[in-house]
Amino acid sequence: TNGWIGSQWLNEQSYIFMNDGDGSSFTEQAIEIGIDNHGLGRGAILFDHDNDGDLDLAFVSADIRFTLFRNDASEKNTNRWVRLTLDTSESPSNAPDGVGAELIFTTGETTRHRWMQANSGYLSQGPIEVHAGLGAAPMIDQLEIRWANGAVRVIEDLPVDAQYRFVPCDGDMNGDH
């Protein structure tokens, strides 16, 4: 999202770049998918507003009111998802909210890597969580959490289309979590 009074970005359309699926290219599709936002952009947040498994998009602008674009893709397809938060409140050796942890999802022959980050969007802050699309996978065969302090936790056979909160196992001497 862009925009600055008296500049080339006045009333500029916000952009949405969709992954082409080849791992290296993206195509701008804002208008095609119904994102028609021309405000003086001051913030953009990607998050699951209605807790239905697909990500919604909100814009904050200097000249128009807060705008929420609700994504209803979960009603139209069979893509699976998972949303994870990490609770490190009892673990002084880890960053707050698990920031810096790497999460590795394995579903069948596919492996996806995500990182817990505290940055969400331009001049914005959404939830500190990892939201991962899983295609048509019926289950996460393995989730590996590599905590920022070097500890590793592995969870197997995790159901999809769900939300989970994990805590680190800093004192786990026998490896059973």
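## Salt bridges

A salt bridge is counted here when a side-chain nitrogen of Lys or Arg lies within 4 Å of a carboxyl oxygen of Asp or Glu. In this predicted model, the side chains of Arg-70 and Asp-72 satisfy that criterion with an N to O distance of 3.0 Å, and Arg-70 also meets Asp-50 in a salt bridge, at 2.7 Å from N to O. Arg-70 lies in the loop between strand 5 (67-69) and strand 6, while Asp-50 lies in the loop between strand 3 (41-47) and strand 4 (56-61), so this pair ties together parts that are 20 residues apart in sequence. Arg-70 is partly exposed at 49% relative accessibility; Asp-50 is likewise partly exposed, with a relative accessible area of 25%, and Asp-72 is partly exposed with a value of 25%.

A further salt bridge joins Arg-80 to Asp-161, whose closest N and O atoms are 3.1 Å apart. Because Arg-80 belongs to strand 6 and Asp-161 to the loop between strand 11 and strand 12 (162-166), this pair ties together parts that are 81 residues apart in sequence. Arg-80 is partly exposed at 25%, and Asp-161 is partly exposed at 31% relative accessibility. Elsewhere, salt bridges with shared partners link Asp-48, Arg-83 and Glu-129 into one network; the search of the whole structure finds eight salt bridges.

## Nonpolar cores

The largest nonpolar core contains 19 residues, and those with the most contacts inside it are Leu-103, Phe-105, Ile-140, Leu-143, Ile-145 and Phe-166. At least two residues of this core come from each of strand 6 (80-86), strand 7 (102-107), strand 9 (130-135), strand 10 (139-146) and strand 11 (152-159). A second, separate core has seven residues, including Ile-16, Ala-44, Phe-59 and Phe-69.

Leaving aside residues up to four places away in sequence, Ile-145 touches several residues, among them Leu-86, Leu-103, Val-152, Ile-155 and Phe-166. Leu-158, which is placed in strand 11, counts as buried because its relative accessibility is 7%, below the 20% cut-off. With neighbours within four places in sequence left aside, Leu-158 is in contact with Met-139, Ile-140, Leu-143, Tyr-164 and Phe-166. The C-alpha atoms of Leu-158 and Ile-140 are separated by 5.0 Å, although these residues are 18 residues apart along the chain.

## Nonpolar surface

In soluble globular proteins, nonpolar side chains tend to be buried together. On the surface of this model, however, Tyr-15, Phe-17 and Phe-26 make a nonpolar patch of about 340 Å². Tyr-15 is placed in the segment before strand 1 (17-19), and this residue counts as partly exposed at 37% relative accessibility.

Methods:
Residues are numbered from 1 along each chain as its sequence is written. This is a predicted model: local features need pLDDT of at least 70, side-chain atom pairs count only at pLDDT 80 or more; totals for chains, interfaces and linings use all residues. Side-chain values use heavy atoms; hydrogens and water are left out. A nonpolar core is a set of buried Ala, Val, Leu, Ile, Met, Phe, Trp, Tyr and Cys residues joined through side-chain atoms within 4.5 Å. Buried means under 20% relative accessible area, exposed over 50%, partly exposed in between (1.4 Å probe, protein chains only). Helices (H or I, at least four residues) and strands (E, at least two) are DSSP runs, numbered from the N terminus. Contact means heavy atoms within 4.5 Å. Patches are made of residues with over 30% relative accessible area and no salt bridge: like charges are joined within 9 Å, nonpolar side chains (Val, Leu, Ile, Met, Phe, Trp, Tyr) within 5 Å. Accessible areas come from the Shrake-Rupley method with a 1.4 Å probe; for residues, only the protein chains shown count as cover.
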